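Reader: I am a first-year student, and I would like to look closely at one place in this structure and then see how the parts around it are put together. Could you take me through it slowly, in one connected answer?

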Amino acid sequence: MNIAILSRNPNLYSTKRLVEAIESKGHNARVIDHLKCDLIMDNKGPLIYYKGEMLNDIHAVIPPYWSFCYFLRNRCCPAI
């Protein structure tokens with residue numbers, strides 16, 4: 001399975017650990033800068049473009065860790 005990790009910096013500890021975990025299970029990991037990536041949803045399914053080039057070999061995408069934390073903070077503690 002080819003998995004894309006959306007991260008600004010492939011040298012971050014959390015990004016490195018994700019890559020290690022993915023590869024330890026026999027999958028391929030690719031770190032993609034999410035600011036240079038477009039995700040297009042249409043009736044044919046999702047399309048991923050990175051720097052203008054379509055990526056058609058990606059089976060799963062892991063979003064940036066901070067976006068998940070932001071989502072949880074807003075769900076659990078909306079007053080903060």
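Author: Let us begin with K51, whose place is in the loop between strand β4, residues 45-50, and strand β5, residues 53-55. Please keep in mind throughout that this is a predicted model. Most residues other than glycine have a negative phi. K51 has a positive phi of about 55°, although K51 is not a glycine. As for its surroundings, K51 is exposed, with a relative accessible area of 58%, which is over the 50% cut-off for that word.

From this loop we can move to the sheet whose strands flank it. Strands β3, β4 and β5 form an open sheet in the order β3-β4-β5, and the pairing is antiparallel. The edge strands are β3 and β5, each of which pairs on one side only, and from one strand to the next the twist averages 35°. β3 and β4 run antiparallel and are joined by six bridges; within this pairing, Y49 in β4 is the bridge partner of D38.

There is another sheet to describe, and its pairing is parallel: three strands form an open sheet in the order β2-β1-β6. β2, residues 28-32, and β6, residues 60-62, stand at the edges with a single partner strand each, so one side of each of them is left without a neighbour in the sheet. The twist here averages 25° from one strand to the next.

Strand β1 covers residues 2-6 and pairs with β6 in the parallel sense over three bridges, while five bridges join β1 to β2, again with the two strands running parallel. Particular residues let you follow these pairings by eye: A4 stands opposite V61 in β6, and I5 stands opposite I62 in β6 as well as opposite V31 in β2.

In a regular strand the side chains alternate between the two faces of the sheet. You can trace this in β1, where N2, A4 and L6 point one way and I3 and I5 point the other way, with all of them buried. The strand is thus described as mostly covered, with five of its five residues buried.

One of these residues, L6 in strand β1, deserves a longer look. L6 is buried, with a relative accessible area of 16%, a value under the 20% cut-off. If we leave aside its neighbours within four places in sequence, L6 is in contact with I32, H34, C37, V61, I62, P63 and P64. L6 and D33 are 27 residues apart in sequence, and yet the distance between their C-alpha atoms is 5.7 Å.

D33 leads us on to the salt bridges, of which the count comes to two. In one of them R8 is joined with D33, and the closest N and O atoms are 2.7 Å apart. This pair links distant parts of the chain, since R8 lies in the loop between β1 and α1, whereas D33 lies in the loop between β2 and β3 (37-42), 25 residues apart. D33 is itself buried, with a relative accessible area of 10%.

A further salt bridge is found where the side chains of R17 and E20 meet, at 2.8 Å from N to O. Both R17 and E20 lie in helix α1, three residues apart, which is about one turn of the helix. R17 counts as partly exposed at 38% relative accessibility, and E20 is also partly exposed, with a relative accessible area of 44%.

The helix that carries this pair also brings us back to the parallel sheet. α1, made of residues 13-24, lies across β1, β2 and β6 and runs at about 155° to β2. Together, β1, α1 and β2 make a right-handed β-α-β unit.

Definitions and conventions
Residues are numbered from 1 along each chain as its sequence is written. This is a predicted model: local features need pLDDT of at least 70, side-chain atom pairs count only at pLDDT 80 or more; totals for chains, interfaces and linings use all residues. Side-chain values use heavy atoms; hydrogens and water are left out. Two strands pair if DSSP finds at least two bridges between them. Helices (H or I, at least four residues) and strands (E, at least two) are DSSP runs, numbered from the N terminus. Axes are lines fitted to C-alpha atoms, for helices over the stretch in contact, and angles run from 0 to 180 degrees between N-to-C directions. Contact means heavy atoms within 4.5 Å. Buried means under 20% relative accessible area, exposed over 50%, partly exposed in between (1.4 Å probe, protein chains only). A crossover is right-handed if, with the strands pointing away from the viewer, the path from the first strand over the helix to the second runs clockwise. A salt bridge is a side-chain nitrogen of Lys or Arg within 4 Å of a carboxyl oxygen of Asp or Glu.
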